[in-house]
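Trainee: Could we go through this one together before I set anything up? I would like to start with the fold and then look at the cysteines.

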Amino acid sequence: QVQLVESGGGLVQPGGSLRLSCAASGSIFSINSMGWYRQAPAKQRELVAIITNGGSTNYADSVKGRFTMSRDKARNTVSLQMNGLLPEDTAVYYCHGRIQPGPLAPPDDYWGQGTQVTVSS
């Protein structure tokens, strides 16, 4: 069983910063990629940032230059540093992992429970 647990959401004023963290635990053989998605009310879930097993990162255009994703490969954790937050960044943020749980098992998609980020004055 693979679990992803997020932390770090909250309420922040426009222009402020927050740092989200996600820890993957359980039966993990390898991690193909980990990413952050978000879903605002009445909107579809969208990719915010992703980091591959090789360490490459990609960001949504809307967060480039403001958000930075990093990882601690040894601890199976990723973080999302969010600076210059805007009201339109308000959403539930979900951690995602494309994870192979065992040497003979295919990779599968795993999700955290989500953490609320609210940007408001």
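Trainee: What pattern does the protein follow, read along the sequence?
Mentor: Read along the sequence, the pattern is β-β-β-β-β-β-β-β-β-β-β, with 0 helices and 11 strands (DSSP runs numbered from the N terminus, H or I of at least four residues for helices and E of at least two for strands). This is a predicted model, in which local features need pLDDT of at least 70 and side-chain atom pairs count only at pLDDT 80 or more, while totals for chains, interfaces and linings use all residues. Residues are numbered from 1 along each chain as its sequence is written, and side-chain values use heavy atoms, with hydrogens and water left out.

Trainee: Okay, and the cysteines, how many disulfides are there?
Mentor: The count comes to 1 disulfide, meaning a pair of cysteine sulfur atoms within 2.5 Å. C22 and C95 form this link, with their sulfur atoms 2.1 Å apart, and it is left-handed, at -80 degrees about the S-S bond.

Trainee: Where do the two sit in the chain?
Mentor: C22 lies in strand β3 (residues 18-26) and C95 in strand β9 (residues 91-100), so that the pair links distant parts of the chain, 73 residues apart.

Trainee: Buried or exposed, those two?
Mentor: Both C22 and C95 are buried, that is, under 20% relative accessible area with a 1.4 Å probe and protein chains only.

Trainee: Switching topic, how much of the protein is buried?
Mentor: Buried residues make up 39% of the 121 residues.

Conventions
Buried < 20%, exposed > 50% of the residue type's maximum accessible area, 1.4 Å probe, protein only.
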